[in-house]
Amino acid sequence: MSLITEITAPDGHKVTLNTGLFINNEFVAGSSTIDTINPATGKVLASVQAAEAKEVDLAVEAAHKAFYGGWKTSNPRERARLMLKLADLVERDGEDLAHLETLDNGKPLSNSRRGDIPGVANQLRYFAGFCDKLHGKVIETEGKLSYTVHEPIGVCGGIIPWNGPMLMLAWKIAPAIATSNTIVIKTSELTPLSALKIAALIKEAGFPPGVINIITGYGPKAGEALSRHMKVSKIAFTGSLATGRAIMKAAAETNLKKVTLELGGKSPNIIFDDVDNLDEVVFWSRLGIYANAGQVCCAGSRIYVQEGIYDKFVEKFKALALSGKVGNPFEEDTFQGPQISEGQFNRIMNYIDIGKKEGATCYLGGNKVGDAGYFIEPTIFTDVKPDMRIMKEEIFGPVVAISKFKDVDDVVAQANDTTYGLAAAVHTSNITRAITISNALEAGSIWVNCYNIITENSPFGGYKQSGIGRENGEYALANYTQIKAIKINV
Ligand code: NAD
């Protein structure tokens, strides 16, 4: 059986892909297969292999052997060289990767090209720079010489979602590899393609067998087997709260593997009536909720507008939302592609229904777009009350809840009235107010007069039930190392 397939994008670009499980630098067959669907058409794109417990075990064994077979004590310069080489290869094959990402996930090709490809390369290059900069400390302890070393944890498992498949892969691989861990990544069953292309580049870059393994498979089978595996010492997960809980439980019931979680959000975006440039605020707010068709963990899905500019904001926001083309993600001027799947489409449409029944005003959108695929109009609800479900629950689609506020205390209390704490934004021309509110908001990322600025060198992660630990920036290194204290009786 050949595992090689050729995929042709609507613009004629062809990509040849090995659809096997990438274990020990080889592509191998799995226990079953998964059909991956193009969300813009609803049609099958390709069939990939699905790992079950047996293949997860093979991948973990390969990673375990690679860790103890030399990678644990590998030369930092060599690790950096391999990571930099991989970044170059990702750029070299950027067109193939961008096309696969858009076919599989539905995000506009312009976003895959200008956001995801550089994002992956930047992530690899940033963490490559840390390979030779992992230092301990020397500590005087009761006349003894005491020092610390930062050691890798061992075999890491990375379980990633479908909303940023390539980028999330890089967020997991880069810090793990820089700190000389080995890793087994499980992609989302909905978006396996770009990761498989990257697997081929990992081999071409020259990584030793077993250092990075990439498997495709279903969550309850491959994901659960990985999170219960006794030789996996750490799991880094991005996805839903429910799965995050299941992974923590699996870790608790097995070998107490370390767990970091990047989960969901219901992020507030606060707009004061003293803003200098309302058009800019509208630009950032629209990016905050409608980027990636609203399928962003830190989406600014609750907008609070001060009463003095409420009407003006809502009017301008609606006009900009209407101006964005929803449709074929391969057309250069498309702003919003489809939702990832029929299941997500139905879930979002159900929330739109709930919002209407709860008595909020559906001020814009609320409908399916076109006949094929899973497209939804950018949707605005106004007059949304704090206890309505569309104000409290993560919708993960192009649906925003807008509400009016009077004063600072009132809006901060409402913004923090959530079980989540991933991100928040405040728009104001008053620097004191910007700082005061940034301090008061309970979230891992705060944006002032902007939105969705996420870079490889700045930490990202959640307060409350939005997660545990931080990715990106030097803070991420702590999640992939353990500290040993050595005391010498001199
Ligand atoms: P999901 O939890 O269903 O799936 C995520 C991954 O977990 C997939 O690879 C899936 O196969 C796997 N999985 C599912 N069940 C599992 C199990 N029992 N054991 C182990 N693995 C399992 O989430 P999703 O639908 O892919 O993503 C949407 C959610 O993820 C949203 O809530 C969103 O906010 C969140 N998210 C958060 C971030 C972040 O950085 N904080 C980024 C992207 C998405």
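This dialogue concerns the ligand site and a surface patch in a predicted model.

Visitor: Which residues come nearest to the ligand?

Guide: A residue is counted as near when one of its heavy atoms lies within 4 Å of the molecule. Here 26 residues surround the ligand, and Glu-189, Ser-240, Thr-243, Leu-263 and Glu-394 come nearest.

Visitor: How many residues of the shell around the ligand are nonpolar, polar and charged?

Guide: The shell divides into 11 nonpolar residues, 10 polar ones and five charged ones.

Visitor: Which polar backbone atoms lie close to oxygen or nitrogen atoms of the ligand?

Guide: A polar contact is a pair of N or O atoms within 3.5 Å. A backbone N or O atom of Gly-239 is 3.0 Å from a ligand oxygen, and a polar backbone atom of Gly-219 lies 3.2 Å from an oxygen atom of the ligand. For Glu-262, a polar backbone atom is 3.4 Å from a ligand nitrogen.

Visitor: What share of the ligand's area does the protein bury?

Guide: Taken alone, the ligand exposes 850 Å², and the protein buries 88% of that.

Visitor: Which elements give two or more residues to the shell?

Guide: These elements are α7 (219–228), β12 (234–238) and α8 (241–253). The most comes from α7, with three residues.

Visitor: Which residues make the nonpolar surface patch?

Guide: Val-138, Leu-145, Ile-488 and Val-490 make this patch of about 370 Å². Val-490 is found in the segment after β26 (481–488).

Visitor: Is Val-490 buried or exposed?

Guide: A residue is called exposed when its relative accessible area is over 50%. Val-490 has a value of 72%, so Val-490 is exposed.

Note on methods
Residues numbered from 1 in each chain as written. Predicted model: local features only at pLDDT ≥ 70, side-chain atom pairs only at ≥ 80, totals over all residues. Heavy atoms only, no water. Polar contact = N/O pair within 3.5 Å; in protein donor to acceptor, adjacent residues only side chain to side chain. Areas by Shrake-Rupley, 256 points an atom, 1.4 Å probe, with all protein chains shown as cover. Helix = DSSP H or I, 4+ residues; strand = E, 2+ residues; numbered from the N terminus. Nonpolar A, V, L, I, M, F, W, Y, C, P; charged D, E, K, R; others polar. Patch = residues over 30% accessible without salt bridge, like charges linked within 9 Å, V, L, I, M, F, W, Y side chains within 5 Å. Salt bridge = Lys/Arg side-chain N within 4 Å of Asp/Glu carboxyl O. Buried < 20%, exposed > 50% of the residue type's maximum accessible area, 1.4 Å probe, protein only.
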